[in-house]
Amino acid sequence: MSYANATLEPTKPDTDLPMLEVNDLNVYYGESHILRDVNMTVFPGKMVCLIGRNGVGKTTMLKTLMGILKPRSGNLKLDGHSIIARTTDQRARLGIGYVPQGREVIPRLTIKENLILGLEALLERPKKQEIPEEIFELFPVLKTMLSRMGGDLSGGQQQQLAIARALMGRPRLLVLDEPTEGIQPSIILEIEAAVRRIIETTGISVLLVEQHLHFVRQADWYYAMQKGSMVASGPTSQLSNDVIQQFLAV
Amino acid sequence: MLSGLLDGIFSGISLGSVLLLAALGLAIVFGLMGVINMAHGELMMLGAYTTYMVQNALKGTPLFGIYIFIALIAAFIVTAIFGLVLERGVIRYLYGRPLETLLATWGVSLILQQLVRSVSWQLVTIVALFCLLFFGAMWIVARRTDFERARGWFLTIMIPLSAAAAIATGNVLGTLYKPAFTKLWFDARNVDVTAPKWLRGGFPIAGTQFSYARIFIIVLTIACVVGVYWFLNNTSWGLRIRSVTQNRTMSACLGIPTKKVDALTFALGSGLAGLAGCAVSLLGSVGPNTGQNYIVDTFMVVVVGGVGKLAGSIIAALAIGTANYLIGSNTLVDLTAPIKPLSDTFAFFSTISMAKVLVFALIIAFLQFRPGGLFPQKGRTVDA
C-alpha cells in the first residue's frame, strides 16, 4: 500500500493557480521592521525552499503565514482566497500543516494523543480516531512507542512526530521550519526521504526553511532572504556556489 | 478510643471532601488555565442559592424527595452559564495578565455578593432590558462597515440611553405592581436549605453517628473527581483542553479552536463550583458571604497540591481537611495527654479559628521546602 491511497490524496493540481501567494508583506516586532515588502509564490505540488542566514526573518515569515504574528500590511492568499483575516486555527483547518522550529510536540501527551490531535485540522473529523497505516510507513519508529510521552522522545523522533502530526490533518500546504536543525545525520536522511516521498505520492505543496544544503537541493525553487527582504529566487538547479556562499550560513 | 478514631477519620475525610469539591473547579480554572478567579467562592454561593430556589420551587410536590439531584443539575448549569459570561465578558481580555485578572474577578465577586442581596424582579427587569437595548443596538450597528470608527460615539450615546430607558421602565413597573415586583428574592439574611428526609440523621457504627449528608458529599466528591478525570483523559474535548494547557500556540496551529476550549474549560470549572455550593448548602445556612469562607481554603488546596495537577489537589484537600479536624477537635490533646507541654500547646490551638492558624503556618512552612507544592509541574503561563 502506498501513501497515495484515496483517503490521503488531496486534489491533484492541474492548474497553474498558486497554492500560496504572499503579497507585499510587512511585519513589525514593536517598532522594528522585520519583513519588508515580502513577495513569494508556492505552486501546487512544488517544494519551495526559503534560505537565508540566521535572523533574516525566515521564521517570522512562517509565523505570519500561520497567523501567530499579525502583519501590518500585505496579503496572504491560500488557493486564491485571502486568509489574512483568519485565526490560526482556521488557517490550519484550511489546509496549512505547520511543523515549527523546535518541533513543539505537546510534552505531557502520548505519541498517540499527539498524532490524534493532528486530526483537528480536518473539516470532517472521522468518528473513529485512528492513525492511518501510511503514517507508520513513513515513520516506522513512531509505531513502537505510541504510549510514550511526547516530551520523552529524542529530538529526531520529535521531529518525525511533528511531521507525522501535520500530515494527519491532510494539509494542502506543508510548512516545515528547519526540520533538520540539531538532528543526527542518519535521521536527517530519513526525514528528507520521507518529505520527498510525501510530495511524490500526495502532490501537496511544501514550503521549507532550511540551512542543510543537501535538503535545500531537493526543492524545486528557492527564495533567498536578506535583512527581511527577498533578494534572489530561482530554480534550485541554478543555485550556484556564489548564492550559497552568500545566503547559507555555512 | 476506637469510636474516637473512626470519628476523627470520618470527619477529616468529610471536611477534606468538601474542600476538594470546592477546589476541584479551581484546580481546573487556576491549575490548568492559570487564571486566578477570585469569584470562584461566589460561584459556589450562587450554586447554593440555586439549590435553595429549587428546594422552594419543588416544596410540596412529589419530586421533593429527590430535589437535591435536580438542584445539582440546576446549580451546575446556572454557574456554568455565569462562568461562561464571566469568561466571555471579562477574563478573555485579561489572559496573560494575572494581576488585572485578580482585581477584575475580585470586583465580580463583590458584584455577585451584592446581587444576591438586592436581586428582585425589578432589578432583573432593569438589567435584562439594558442588555436587550444596548447589545441589540450594537448588533444592528456593528453590521455597518464603519462601526470601528464610530464606536466611541456609539458607546457614549447608547450606554446612558439604554440605562435611562431600562431604569425608567423598571421604576414604572415597580410602582405599578408594588409589593410583588420590588420584593427582594433573598435579602441579606442567610437562608436555610433543608435536606430531604433521607439525608437527615445518620448511620451508627461503633457508637459514632455517620451523618448521611456528609456521606452524600463524600460520594458526590468521588463522583465529580472520577467524572473530571474521565472527561479530561477520555474525551476529545478533554484532549483539546490538555493540549491547549500545555502549548497554546501550537494547539492553535494544529487547528484546535483555542477560544472555544478556554470558554469550555472555564464553564466546566464554574459548574463544578456550583456543585460544591449545592453540597455546602447541606452543611449549614447559606448567605451572601458563604463564598468568602471557602475561597482561601480552596486556593490553599490547589497551591499545596501543585498547580496543574489534579492528583495533588486530592491529596492536599484530604491532608488539610484531616489536619484541620485533628487540630481543631480535642483528639490530639487527648492523644498527647501524657506529655503535658505538648498537650497544652494543642489545647491552645483546638478551636476552629486557631486550628486554621496552625494549619496555615504549617502550609507556609511546607511551601518553604516545596514551593511547587506536592506534585510540582510546569503549568501554563497564559499567553494570548
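Me: Why does B:Trp185 count as partly exposed?
Reply: In this predicted model, B:Trp185 has a relative accessibility of 31%. Partly exposed covers the range between under 20% and over 50%, so B:Trp185 counts as partly exposed.

Me: What makes B:Trp121 and B:Trp185 an aromatic pair that is edge-to-face?
Reply: Their rings are 5.2 Å centre to centre, and a pair needs centres within 6.5 Å. The planes are at 70 degrees, and over 60 counts as edge-to-face. Both tests are passed, so the name fits.

Me: Why is this pair said to tie together parts of chain B?
Reply: B:Trp121 lies in helix H5, while B:Trp185 lies in the loop between helix H7 and strand E1, so the pair ties together parts that are 64 residues apart in sequence.

Me: Why is the pair of B:Trp198 and B:Phe216 called edge-to-face?
Reply: Happily, the reasoning follows the pattern above. The ring centres are 6.2 Å apart, which meets the limit of within 6.5 Å. The planes stand at 80 degrees, and over 60 means edge-to-face.

Me: Is B:Phe216 buried or exposed, and how do you know?
Reply: B:Phe216 has 12% relative accessibility. Buried means under 20%, so B:Phe216 is buried. Its partner B:Trp198 has a relative accessible area of 39% and is partly exposed.

Me: What makes A:Arg72 a residue that lies over the face of A:Tyr28?
Reply: A:Arg72 is at 3.7 Å from the ring centre, and the distance limit is within 6 Å. A charge must also be within 35 degrees of the ring normal; A:Arg72 is listed as lying over the face of A:Tyr28.

Definitions and conventions. Residues numbered from 1 in each chain as written. Chains lettered and ligands numbered in written order. Predicted model: local features only at pLDDT ≥ 70, side-chain atom pairs only at ≥ 80, totals over all residues. Heavy atoms only, no water. Phe/Tyr/Trp six-rings, centres within 6.5 Å; stacked < 30°, edge-to-face > 60°. Helix = DSSP H or I, 4+ residues; strand = E, 2+ residues; numbered from the N terminus. Buried < 20%, exposed > 50% of the residue type's maximum accessible area, 1.4 Å probe, protein only.
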